[in-house]
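Student: Hey, please help me read this one.
Tutor: Sure, here it is.
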Amino acid sequence: MESLKIPEEFSQFVPEEQVIPSPRGYTEAYELIETFNTITSQMFKAWQFHFQYLNLAYLAYLMFIDTARKLFPGIKESTIGKMVAGADVSMFRPEEELCRLSRLAIAQPPVSNILKKDIPAEEKIKELNILMLAWNGLNSWRGSRTRGSTSPAEVDGITTRAVGSTKWMSLSVT
Amino acid sequence: MDVPFSYMKSYVERLEKGEKIERSLTAISEERDRIVKEYRSLIKSDEDRKSFDDAYNVVRAIYRYAEDHLFWVEHWLHTIWFEKIRQFRRDPYEVRRAEEAR
């Protein structure tokens, strides 16, 4: 799906090499339609995988619940849940990464101070970019003199001033 | 990006209060093993024990998909899908129209 190419622009005229010496027979408009059909089919296929995983998981879970209830009448639903808990799954990876980043952030107060602000994420990303620029700038300046490194805490003052005075800056938020 | 950043705001605030933010997989697994062991010890016949072990081993082997189908299909794939499908929204004649309008 990622490799599908969707044209940004159609040419005004069909390129000559697609007509001479023999016409290709279709234009880039057809390719756009074909790409749309492909991406739609891929979505249907992905949802086939989705339900295969999900239905097998539910089937196994329902069979386990059934067995547990027959063997232990009156067992709570939550106890059965605890019996299958603790899988190391990809689903929790994003949350684990956020925990990891948050721990790194509190070691650098200028970073955690930005994260704690009540402003939209886009603004936080801009401020973090400015912090990083100031940090990198100071490091390269220091590196050229002493080969030392600077922590964000040392550039906090610089950054606070920079954020205040560079509202016009348009930084990439990717 | 507001969702992950709101999580990090909350995590940073909790960490500063000295709270633990990570779920402990070890603690959850130990609790699971303890409960399973205790319940299993209540089973009286070998036949019932076998039914329990079979159902338990299958559910443990397959249970990751109850969570991971969400991650791989609903989160990851849909992110790519939305990104791609938004590209169809572009007007392929936009540049030419602008030139002609000039």
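Student: What share of chain A contacts between residues at least 6 apart in sequence join residues at least 24 apart?
Tutor: That's 47%, where a contact means that two C-beta atoms, placed from the backbone, lie within 7 Å. One heads-up: this is a predicted model, so local features need pLDDT of at least 70 and side-chain atom pairs count only at pLDDT 80 or more, while totals for chains, interfaces and linings use all residues. As for labels, residues are numbered from 1 along each chain as its sequence is written, and chains are lettered from A and ligands numbered from 1 in the order in which they are written.

Student: OK. How many helices and strands does chain A have?
Tutor: Chain A comes to 6 helices and 0 strands. Those are DSSP runs numbered from the N terminus: H or I of at least four residues for a helix, E of at least two for a strand.

Student: And how many in chain B?
Tutor: Chain B has 5 helices and 0 strands, so reading from its N terminus you get α-α-α-α-α.

Student: What percentage of each chain is buried?
Tutor: In chain A, 16% of the 174 residues count as buried; in chain B, 12% of the 102 residues do. Buried means that 20 or more other C-beta atoms lie within 10 Å of the residue's own (12 or fewer is exposed, in between is partly exposed), with C-beta atoms placed from the backbone.

Student: Now the chains together. How many residues does each give to the contact?
Tutor: Chain A gives 53 residues and chain B gives 56.

Student: Which element of chain A gives the most?
Tutor: α1(A), with 17 residues. Elements giving two or more also include α2 (77–84) and α5 (121–145) of chain A.

Student: How does that side of chain A split into nonpolar, polar and charged?
Tutor: It has 36 nonpolar, 8 polar and 9 charged residues. Ala, Val, Leu, Ile, Met, Phe, Trp, Tyr, Cys and Pro count as nonpolar, Asp, Glu, Lys and Arg as charged, and the others, Gly among them, as polar.

Student: At what angle do α1(A) and α3(B) pack?
Tutor: Helix α1 (residues 28–71) of chain A packs on helix α3 (residues 46–62) of chain B at about 150°, with axes 9 Å apart. An axis is a line fitted to C-alpha atoms, for helices over the stretch in contact, and angles run from 0 to 180 degrees between N-to-C directions. The two are therefore roughly antiparallel, the label for angles over 145 degrees.

Student: Which residues make that contact?
Tutor: Among them are F64(A) and L71(A) from α1(A), with F52(B) and I62(B) from α3(B). By class, this contact has 13 nonpolar, 2 polar and 1 charged residues.

Student: What about α1(A) and α4(B)?
Tutor: α1(A) and helix α4 (residues 64–87) of chain B pack at about 165°, their axes 9 Å apart. That makes α1(A) roughly antiparallel to α4(B) as well. Residues that meet here include W47(A) and H50(A) in α1(A), and H69(B) and W81(B) in α4(B). The split is 16 nonpolar, 2 polar and 2 charged.

Student: Switching topic: which residues are buried in α1(B)?
Tutor: F5(B), M8(B), K9(B), Y11(B) and V12(B) are.

Student: What span should α1(B) have?
Tutor: Its 15 residues (2–16) should span 21 Å at 1.5 Å a residue, and its end C-alpha atoms are 21 Å apart, which agrees. The expected span is 1.5 Å times one less than the number of residues.

Student: What follows α1(B)?
Tutor: G18(B), with a positive phi near 85°.

Conventions: Parallel < 35°, antiparallel > 145°, perpendicular 65-115°, else oblique.
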